[in-house]
Amino acid sequence: MIKVFFDHQMFSHQRIGGVSKYFAELLHHMPREMWTTSTWLTNNQYVKDLNLFKSTPFLPNQSFKGKGRLMLELGIPYTLYRLAKRDYDVYHQTHYETFSLLGIGNKPMVTTIHDLNFFTYNKNERLMRDTIKSVERADKIIAISENTKKDIVNMLNVDPSKIQVIYHGIERENMINIPVQRIIPQDYVLYVGSRKQNFKNFRNFAKAFSILAHKHKNLYLVCTGVDFSKDEFELLRKLEIQDCSSTFYATEGQMLQLYRDAIMFVYPSIYEGFGMPILEAMQCGCPCVLAKTSCFPEIAMNAAHYFNPFDVESIVDAMDVIVNNLTYREELINKGKERALNFSWEKTAEEHIKVYNSLAN
């Protein structure tokens, strides 16, 4: 059996988030004897929840700027030591730092591109340089959607035959085991994920929700994650929706409840690589209202209702349809559950293993 080496980068840098969740689920669904990792310092929630490997928490009760970066730097010497031993068949890079490229020699390398927003909407010169070097060295590039593959080909001038599209999966949840009681008693619209980057389009969404909320007086907005920033709260105040808007820092289990009980899940982002919350919402029976951009139509297909994310009225109309048309809402719920069945982490892992085997032989 081949051995795949995963470095420490994403497990040290990220406590929660889509990229580290992808790698954690991938390892969890691969045979344990098939992989190894150099991660020794991590506060990653998925590593802990899945009991993936032995590791040491780093100042778990302290939070400060640069903590993730410090953990990443502290892990580099051990990763380089492990890479230099060459006791693996394939190296899968978990992020784009180029230190690892010095240690792998002629070993086959895989890198995963989740999106290229740091080349466009969220420009980062250092990350751009590192990604280009990693892509050039990689023997195989995994793209998490056809839309991401298209961006890699067009923006980085990569041969399409070097890229393998492998979708993310979803863990099958038995909703019967989820607590019956609601976390949020009011009828609410659910927003999931970061709000701070401009491409997330939260401002247009908030404007649209304010119009909807003034029309439907008992409607509430729930945003998962950190508290509203000063600027966000000021926006909500100007829109007169500060009293019907709140944040909730949810656990994985609480997320299932929030999806299940929401009137709808709205994803107004202008650009994403895949959109994992779409599958999560669908599986939980939550109708999806999505921006008609990037990968969303590819992932959700006809199991979601779409809007123009640059047009506030379009967002309002899309949400209003779900509130007013219960038959259509039920139709989307059923289509969403059916669409979610096409994705699983088992399937994702199997397709990765095929890539590793093709490089090791």
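Here are five short exercises, with worked solutions, on a predicted model.

**Exercise 1. Work out the order of the six strands in the open sheet, and say which strands stand at the edges.**

Start with the order. The open sheet runs S2-S1-S3-S4-S5-S6, and the pairing is parallel. Now look at the ends of that list. Strand S2 (35–37) and strand S6 (163–165) each have a single partner strand, so one side of each has no neighbour in the sheet. As for the twist, it averages 25 degrees from one strand to the next.

Next, take one pairing: strand S1 (residues 4–6) is joined to S3 by three bridges, and the two run parallel. Within that pair, Val4 sits opposite Val90 in S3.

Finally, see what lies on the sheet. Helix H6 (residues 146–156) packs there and touches S4, S5 and S6, with its direction at about 165 degrees to that of S6. H14 packs on the sheet too, touching S1, S3, S4, S5 and S6, and its direction makes about 135 degrees with that of S3.

**Exercise 2. Take strand S4 (residues 109–113): are its residues buried or exposed, and which way does each point?**

Count first: five of the five residues in S4 are buried, which leaves the strand mostly covered. Then split them by direction. Met109, Thr111 and Ile113 point one way, while Val110 and Thr112 point the other way, and all are buried.

**Exercise 3. Follow S4 to its partners S3 and S5, and find the hand of the crossover from S4 to S5.**

On the S3 side, strand S3 (residues 90–93) runs parallel to S4, with three bridges between them. His92 is the residue that stands opposite Val110 in S4.

On the other pairing, S4 and strand S5 (residues 140–143) are parallel over four bridges. Here Ile113 stands opposite Ala143 in S5. To get from S4 to S5 the chain goes through helix H5 (residues 125–137), and this β-α-β crossover is right-handed.

**Exercise 4. Describe how helix H2 (residues 18–28) packs against helix H14 (residues 345–360).**

What do you need for this? Two packed helices are described by the angle between their axes and the distance between the axes. For H2 and H14 the angle is about 80 degrees and the axes are 9 Å apart. Angles of 65 to 115 degrees count as roughly perpendicular, so H2 is roughly perpendicular to H14.

Then pick out the residues. From H2 come Tyr22, Glu25 and Leu26; they meet Trp345, Ala349, His352 and Tyr356 in H14. Sorted by class, the contact has five nonpolar, one polar and one charged residues.

The spacing is worth a look as well. An α-helix has 3.6 residues a turn, so residues three or four places apart point the same way.

**Exercise 5. Contrast helix H10 (residues 276–283) with Gly66: which is largely enclosed, and which is partly exposed?**

Take H10 first. Eight of its eight residues are buried, so the helix is largely enclosed by the rest of the structure. Among those buried residues are Glu280 and Gln283, along with Met276, Ile278 and Leu279. After H10 comes Gly285, with a positive phi near 80 degrees.

Now Gly66. You'll find this residue in the loop between helix H3 (45–50) and helix H4 (67–85). Its relative accessible area is 39%, which makes Gly66 partly exposed. Last step: Gly66 and His13 are 53 residues apart in sequence, and their C-alpha atoms are 9.4 Å apart in space.

Conventions: Residues numbered from 1 in each chain as written. Predicted model: local features only at pLDDT ≥ 70, side-chain atom pairs only at ≥ 80, totals over all residues. Heavy atoms only, no water. Buried < 20%, exposed > 50% of the residue type's maximum accessible area, 1.4 Å probe, protein only. Pairing = 2+ DSSP bridges. Right-handed = clockwise from strand over helix to strand, strands pointing away. Axes fitted to C-alpha atoms, helices over the stretch in contact; angles between N-to-C directions. Parallel < 35°, antiparallel > 145°, perpendicular 65-115°, else oblique. Contact = heavy atoms within 4.5 Å. Nonpolar A, V, L, I, M, F, W, Y, C, P; charged D, E, K, R; others polar.
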